[in-house]
Amino acid sequence: MAEIEREAMEYDVVIVGAGPAGLSAAIRLKQLDADLNVVVLEKGSEVGAHILSGAVLDPCGLDALIPDWKEKGAPLTVPVKEDNFYMLGEAGKIRIPNFPMPPLMHNHGNYIVSMGNVCRWMAEQAEELGVEIFPGMACSELVYGDSGEVKGVVAGVFGLEADGSYGPGTEPGMELHGKYVFLSEGVRGSLAKEVIGKYDLQKGKEPQKFGLGMKEIWEIDPAKHKEGTVTHTMGWPLGGNAGGGSFIYHLDNNQVYVGFVVHLNYKNPNLFPYMEFQRFKHHPIVADLLEGGKRVAYGARAITEGGYQSMPKMVAPGVALLGCSVGMVNVPRIKGNHNAMLSGKAAAEAAFDAIKAERSGDELTSYETEVREGAIGQDLKKVRNVKPMWSKWGMLPSLALGGLDMWTNTLGFSLFGTLGHGKNDAESTEEASKHKTIDYPKPDGKLSFDRLTNVSFAMTNHEESQPCHLHLSDPSVPINVNLPKYAEPAQRYCPAGVYEIVEKDGTPEFVVNFQNCVHCKTCDIKDPSQNITWVTPQGGDGPNYPNM
Ligand SMILES: Cc1cc2nc3c(=O)[nH]c(=O)nc-3n(C[C@H](O)[C@H](O)[C@H](O)COP(=O)(O)OP(=O)(O)OC[C@H]3O[C@@H](n4cnc5c(N)ncnc54)[C@H](O)[C@@H]3O)c2cc1C
């Protein structure tokens, strides 16, 4: 293929992804020096279109970045007033009182927010400071310099032929070069994955771990709505089949976020995370709340769960990984937005110092030091054993021992040291023959919905004429390996119904309905043969979340 000619634009810092991490970095850079040229590229059709969090926001990140965020009209208007935690059985519940929980678990002082709206507001703040933000621009490739450093990205490739080649209607995009490139793509970033592999950044660290988070927005009967109420549950319906739990957050306007997280290290390939979520809504605690209401949006996204011991080295020549491209979620708190913001701020400060010293294209080591030793590291270190305990010993022992460990860590020590995670989530999947199949009740269309109906509420869109962005390293693996060994779990772990096995002339065939993809990245993580690579489709494709 002939070399593709592209125009190049020069910036001080190129930022990939307009989530809380990327936008914080952009804002901080311009606060430090209004003359810096900073660009943010976002694959969603608008800022916020691909943002999916709970979210209960710990405002510490925003406090550090924009101390007068209240005066500036930040959409943090629903303080948490009530915090409930239940252990569920099939029909009953036991309330876990708040007092034995370590202080870090309390939500007092936090806000129930739409992170999509918070990001939209942050983008306005950034633009007022002079940051250039380009939504609808996917960064599909990294550009390397002569010394092997990351020197930029390719963004804005549109109209590829269905086989991925360039045709008469293809726009080749452009190169955006920076003294430094920040990858703030969120969980399982595709460019971040390349950088982690190329520079061997995971070496000596535990594997990254993930969960799959699914979420619906409901408008409910005003009489049942209690603005500011936060509820978390564990137990039914997952039981011993997988780790995970739910969240129910009452925001304003009679809306409620109902979400469910399944840890992706589950062993039984017959488990169907989406159907677990739908079943969960039939528990009386949820059904009573939602009855008479309507679901107005649906979405899904993976969440990082490896924590402190899984964070890769986060700098390489010319590039820094931010936020959940590193994995900064505090798992027991289910919170990562505050750390994403703090990481953006720290990366910006490191780049500002470097550029002032006329450096470029090298490693921003002071950023990494700040993340590991500063507020982010301290936040994650205290809870580092909760996830490995749950994986090794199950929910109840980990609740007791994890609670004890969080308490002792709050006092400055741990009886357990730092526990490892062992396998990655793909390797955790066991053969189907070792496990029972699970019967899921049919969705009733009122509280629970079939997957494709729900996907239409993610407003996702990918042009059919585009190349499939879900690459199979070996197209024969789904039918020849995954189907006989694992009952091809892609049919079930994908929360958007992208993967199907259909019978054609009596022969099973693997179908990839990439148009349905909601960019959660679960397939890239959980495929037991590690045969699927998620690459970014053209800009503007994917979900169009409202106030997720
Ligand atoms: C179900 C669920 C519930 C959660 N609940 C909470 C909660 O209650 N509180 C909390 O604090 N945290 C919560 N989190 C975690 C939180 O969402 C993450 O920690 C946070 O989103 C990380 O921010 P980020 O900026 O690193 O990435 P993201 O928020 O994921 O933003 C990344 C952005 O980069 C864009 N992007 C990615 N790749 C490219 C590319 N190649 N080119 C251009 N653009 C690209 C994406 O479209 C996206 O807009 C939850 C997560 C999930 C999944």
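## Polar contacts of the ligand

In this predicted model, an oxygen atom of the ligand is 2.9 Å from a polar backbone atom of Asn337, a polar contact being a pair of N or O atoms within 3.5 Å. A backbone N or O atom of Cys324 lies 2.8 Å from an oxygen atom of the ligand, while for Cys139 the distance from such a backbone atom to a nitrogen atom of the ligand is 3.0 Å. Taken alone, the ligand exposes 1,000 Å², of which the protein buries 97%, with accessible areas computed by the Shrake-Rupley method and a 1.4 Å probe.

## The shell around the ligand

The ligand is surrounded by 36 residues, and Glu42, Ser53, Gly54, Val56 and Cys324 are the closest; a residue is near if one of its heavy atoms lies within 4 Å. At least two shell residues come from each of α1, β2 (38–42), β14 (244–250), β16 (294–304) and α7, and β16 gives the largest share, three residues. Here helices (H or I, at least four residues) and strands (E, at least two) are DSSP runs, numbered from the N terminus.

## Two helices that pack together

Helix α1 (residues 20–32) packs against helix α7 (residues 337–356) at an angle of about 35 degrees, and their axes are 7 Å apart; the axes are lines fitted to C-alpha atoms over the stretch in contact, and angles between N-to-C directions run from 0 to 180 degrees. Among the residues that meet are Leu29 and Leu32 in α1 and Met341 and Phe352 in α7, where contact means heavy atoms within 4.5 Å.

## About the model

Residues are numbered from 1 along each chain as its sequence is written, and side-chain values use heavy atoms, without hydrogens and water. In this predicted model, local features need pLDDT of at least 70 and side-chain atom pairs count only at pLDDT 80 or more, whereas totals for chains, interfaces and linings use all residues.

Technical notes: A polar contact is a pair of N or O atoms within 3.5 Å; within protein, one must be able to donate a hydrogen and the other to accept it, and residues adjacent in sequence count only if both atoms are side-chain atoms.
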